[in-house]
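Me: I'm new to reading protein models and I'd love a close look at one small part of this one. Could you walk me through it slowly, and then show me how it fits with the rest?

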Amino acid sequence: MSTQISPFSKIASERKKVTTLTLKHKKQRAQAISMLTAYDYPTALALDQAGIDAILVGDSLGMVVLGYPNTLSVTMEDMLHHCKAVSRGAKTALLVGDMPFMSYQVSAQEALRNAGRFLQEAGMDAVKLEGGIERLEAIRLITAAGIPVMGHIGLTPQSIHQLGGFRSQGRSGVEARRLLEDAFALQMAGCFSLVLESIPSRLAEMISEKLDIPTIGIGAGAGCDGQVLVTHDLLGLFERFTPRFVKKYAKLHNQMVEAFTQYIEDVQCHRFPAAEHSLDIPEEEWQEFIKDYHLAERSIPIAF
Ligand code: KIV
């Protein structure tokens with residue numbers, strides 16, 4: 001197994017903190033933005049070391065870490081718990097906390113209060129929320145409080161029951177027009193960036209060209225200003241379902257099963273632990289201990 005780390009990671013460790021302004025400048029310079037999800041400390045450390053621009057603590061947490069069938073069961077407390085772990089690991093990437101279902105839909109005031117918790121309690125730099133024109137009031141209020149908001153349109157997993165499942169969006173003229181209008185409205189309301197999920201590449205490219213703010217695509221083709229994937233999909237850690245747009249860079253689930261199987265065999269065959277995994281006591285200490293033990297055994301064994 002290779003343990004070499006790319007020389008790029010050294011550069012990453014000396015990088016300046018990525019901000020919403022950094023993403024804006026990257027779009028202006030036509031430099032692609034990289035974003036991945038993380039839900040824990042070691043993944044955040046590794047992503048930061050690799051030089052990722054932004055980390056999304058996505059509510060995909062519910063599916064790939066907590067084992068729910070969709071994202072609807074994820075709570076504010078779940079999100080804050082995992083955001084805290086990520087913020088302890090990543091010091092350079094822009095950290096975006098995903099607002100869970102029902103944390104921003106009830107009222108704009110509640111949305112603001114919950115958005116604030118991501119920054120105040122969990123070390124996030126920004127929040128993300130799903131939806132178009134229907135979210136404008138909440139977005140205006142949150143951004144007016146100085147909290148950067150990333151929008152998310154197209155396939156919005158918190159609305160799967162309304163959408164009829166995990167289905168791609170924007171494939172009719174009417175839907176495409178609605179998405180373009182949503183994109184403009186979200187920019188006007190103050191979003192610093194916009195996730196485009198599962199929409200036709202041509203539409204995503206057009207939205208990206210028309211908007212000033214950077215778009216981050218997932219299943220939206222190469223014409224977006226940046227790309228995001230769910231890290232567990234990219235690593236091959238989540239085997240239940242893999243969307244067509246995912247590129248797998250590793251097969252960690254298989255590697256985990258292989259490693260666990262070897263461990264079980266080693267334990268059963270007494271190959272683990274070996275001498276190098278065990279502690280020793282210096283010989284003279286041991287001899288003294290044994291001598292004392294035998295003496296005690298001969299007099300009052302119970303006292304030993
Ligand atoms: O929750 C998530 O991981 C997301 C990404 C798929 C954009 O929203």
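Where is methionine 102 found?

Reply: Let's start right there. Keep in mind that what you're looking at is a predicted model. Methionine 102 sits in the loop that runs between strand S3 (94-98) and helix H6 (108-120). Its backbone has a positive phi of about 75°, although methionine 102 is not a glycine. That's worth a second glance, because most residues other than glycine have a negative phi. As for its surroundings, methionine 102 has a relative accessibility of 41%, so it counts as partly exposed: that label covers values between 20% and 50%.

Now follow the chain from that loop into helix H6 (108-120). Here's a residue to click on: phenylalanine 118. Leaving out residues up to four places away in sequence, phenylalanine 118 touches a whole list of others, among them Met76, Met79, Leu80 and Cys83. The list also includes Gly97, Asp98, Met99 and Pro100, and then Gly123, Met124 and Val127.

Phenylalanine 118 also belongs to the largest nonpolar core, which has 59 residues. Along with Ile55, Ile142 and Leu196, Phe118 is one of those with the most contacts inside that core. The largest share of this core comes from helix H9 (residues 173-189), which supplies six residues. There's a second, separate core too, with 15 residues, including Leu56, Leu94, Phe192 and Ile218.

Back to unusual backbones for a moment. Histidine 270 is another non-glycine residue with a positive phi, this time about 60°. You'll find histidine 270 in the loop between H12 and H13. With 71% relative accessibility, histidine 270 counts as exposed, because the cut-off for that label is over 50%. Stay in that loop and look at proline 273, which also lies between H12 and helix H13 (283-298). A cis peptide bond joins phenylalanine 272 and proline 273, with omega at about 0°. Most peptide bonds are trans, so that's a nice one to find on screen.

Next, step back into helix H12 (residues 252-268), where glutamate 265 is found. Its relative accessible area is 40%, so glutamate 265 is partly exposed. Try picking glutamate 265 and isoleucine 160 together: they're 105 residues apart in sequence and 43 Å apart in space, C-alpha to C-alpha.

Then try the pair glycine 223 and isoleucine 33, which are 190 residues apart in sequence and 12 Å apart in space, again C-alpha to C-alpha. Glycine 223 lies in the loop between strand S7 (215-218) and strand S8 (226-229), and at 24% relative accessibility it counts as partly exposed. Setting aside residues up to four places away in sequence, glycine 223 touches Ala204, Glu205 and Ser208.

Finally, zoom out. The protein has 13 helices and eight strands. Its C-alpha atoms fill a box of roughly 90 × 40 × 40 Å along the principal axes. The radius of gyration is 25 Å, whereas a compact globule of 304 residues would have one near 19 Å. Buried residues make up 44% of the 304. And if you take contacts between residues at least 6 apart in sequence, 57% of them join residues at least 24 apart.

Terms used:
Residues are numbered from 1 along each chain as its sequence is written. This is a predicted model: local features need pLDDT of at least 70, side-chain atom pairs count only at pLDDT 80 or more; totals for chains, interfaces and linings use all residues. Side-chain values use heavy atoms; hydrogens and water are left out. Helices (H or I, at least four residues) and strands (E, at least two) are DSSP runs, numbered from the N terminus. The radius of gyration is taken over C-alpha atoms; the globule rule is 2.2 Å times the number of residues to the power 0.38. Buried means under 20% relative accessible area, exposed over 50%, partly exposed in between (1.4 Å probe, protein chains only). Contact means heavy atoms within 4.5 Å. A nonpolar core is a set of buried Ala, Val, Leu, Ile, Met, Phe, Trp, Tyr and Cys residues joined through side-chain atoms within 4.5 Å.
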